[in-house]
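Dear colleague,

I am handing over a structure that you have not worked with before, and it is shown just below. After it I have set out what was found, so that you can follow the points with the model open beside you.

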Amino acid sequence: MGSIAPESPMKVIIVGAGLGGCATALAMHNAGFEVVVFEKVREFLRLGDSLGLGENAFKLLDRWSPMLRDKLIEIGNKSPNMQIRRWHDGKILAQQPLMDMAGYIGHRGDYHKGFLDAVAEKGIPVHMATEVIDYDDAAPSVTLKNGEKHYADIVIAVDGIKSRARELVLGFSDKPKSSGYACFRAFFKGDHLRGDPLTAEFVEQECVNIWIGKDKHLVQNTLRNGEEFNWIITHKDTEDIKESWFQPGDMDAVRELVQDCDPRVAAIVRKTESCLDWKICYRDPIPTWVSKNHKVALIGDCCHPHLPTSAQGASQATESAAVLAQCLLLAGKDNVPLATRVYEKIRFPRVRRAQTNGEDVRDRWHNALDRVADGEEIDPDSVKIKNAVLYEYDAEADTRKQWPEMSRIVAEELRTGNITALC
């Protein structure tokens, strides 16, 4: 009697090898799928500055790559607390555990390298300098710039706010919108600040301080025991969108922004040689994260971009990867549409909560001083970050819990062809 050949593993194509793409690769590999990643960039540089990862992401990463957690914690900020300060004089308005803000905060480039190393350790192929120029959601497949076509059981786009796959899913092109705010960002060696009594305290040890004022706030982050220093000023901005990590900032404009700030901050800015000007873009919530034929799915900034004040962008992308991987496992190779449609329904309300948390904290910071008269004490709770409530969540366990009921609802929608929009 002949034996039945084992079913081949589900094949997954991932477009994008950023933090979200790497998290997705790890989640899919952990589920036992065959994974390949395409990335258009030739080489990743140590770009960006501060990035936070919450415990909601770390508990997942710990399962997928146990060594990664220790590596990221080692290179992250180890300050136990953060201070929220009054703009003009630096008076501490509130203090709370740093974990309540963004979990572990490190340099984006260092964290990205840690993720890439974890992907490489698993033997997951990442094809650099390989641009995807077209998607076929019926096959499903991707076409590369060199003309090659690659097929899979599902294609997952995790390639950022300008993803080409987003247009495929929506059926039309929608450009990123301005949030009405921009960030000046600077990252440099802490030596610049030593020896000056106004600035030396911020590089004596790892620390995080936030100054809040009318329609603006500044976040300071010190890493590697004072070796590296980062500041980010979020301010009102109405210029045209030029979303880029490389757009040079106008230091004269920065100095004008902080002229009425805590003298220590003004001194830090005076010692800063250059900065970047990053327009904060956002996109409205969209009715679906999945293509018409249900076999191209979006993760991360493609479908749920977060404001910096949410401190949850990378963590929520990691959660999305976990949920989609679990859905694919539960649905099976022959029922990808059921998996992708359950995935988006489970994720949407959770992501909206994290997104609106970011809007809420920005608005509370930018209006806090308007609500109290000069000399009055501010309620510390009114300016605290409220992210700790997000950390207990286990994306994998919640997916397994919701699957029976949600898959029943989605199966009926697929049968009737009446897919309920997310929003």
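In what order do the three strands of the open sheet run, and is the pairing parallel or antiparallel? Before the answer, please keep in mind that this is a predicted model. The order is 8-9-10, and the strands of this open sheet pair in the antiparallel sense. Strand 8, residues 132–136, and strand 10, residues 149–151, are the edge strands, each of them pairing on one side only, and from one strand to the next the twist averages 25°. Between strand 9, which covers residues 141–144, and strand 10 there are three bridges, again in the antiparallel sense, and Thr-143 is found opposite Lys-149 of strand 10.

The loop between strand 8 and strand 9 deserves a look of its own, as it is the place of Pro-140. The peptide bond that joins Ala-139 to Pro-140 is cis, with an omega of about -20°. A second backbone detail concerns Asn-225, which is not a glycine and yet has a positive phi of about 55°; this residue lies in the loop that runs between strand 14 (216–223) and strand 15 (228–236).

Turning to the helices, two packed helices are described by the angle between their axes and the distance between those axes. Helix 2, residues 55–64, packs against helix 3, residues 66–75, at an angle of about 135°, and their axes are 5 Å apart. Helix 2 is therefore oblique to helix 3, since an angle counts as roughly antiparallel if it is over 145 degrees. On the side of helix 2 the contact is made by Glu-55, Phe-58, Lys-59, Leu-61, Asp-62, Arg-63 and Trp-64, while helix 3 contributes Pro-66, Leu-68, Arg-69, Leu-72 and Ile-73. Sorted by character, the residues of this contact comprise seven nonpolar and five charged, with no polar ones.

Finally, there is the question of enclosed space: how many cavities of 30 Å³ or more does a search of the whole structure find? The search finds three, and the largest cavity has a volume of about 50 Å³. Its lining is formed by Ser-179, Tyr-181, Thr-234, Ile-280, Leu-307, Pro-308, Thr-309 and Arg-362, and the residues of that lining divide into four nonpolar, three polar and one charged.

With best regards

Terms used. Residues are numbered from 1 along each chain as its sequence is written. This is a predicted model: local features need pLDDT of at least 70, side-chain atom pairs count only at pLDDT 80 or more; totals for chains, interfaces and linings use all residues. Side-chain values use heavy atoms; hydrogens and water are left out. Axes are lines fitted to C-alpha atoms, for helices over the stretch in contact, and angles run from 0 to 180 degrees between N-to-C directions. Helices (H or I, at least four residues) and strands (E, at least two) are DSSP runs, numbered from the N terminus. Angles under 35 degrees count as roughly parallel, over 145 as roughly antiparallel, 65 to 115 as roughly perpendicular and the rest as oblique. Contact means heavy atoms within 4.5 Å. Ala, Val, Leu, Ile, Met, Phe, Trp, Tyr, Cys and Pro count as nonpolar, Asp, Glu, Lys and Arg as charged, and the others, Gly among them, as polar. Two strands pair if DSSP finds at least two bridges between them. On a 1 Å grid over the protein atoms alone, a cavity is a set of points where a 1.4 Å probe fits but cannot get out, and a pocket is an open set with protein on both sides within 12 Å along at least five of seven lines; lining residues have an atom within 4 Å of a point. Grid points are joined across faces, edges and corners, and a volume is the space filled by probe spheres set on the points.
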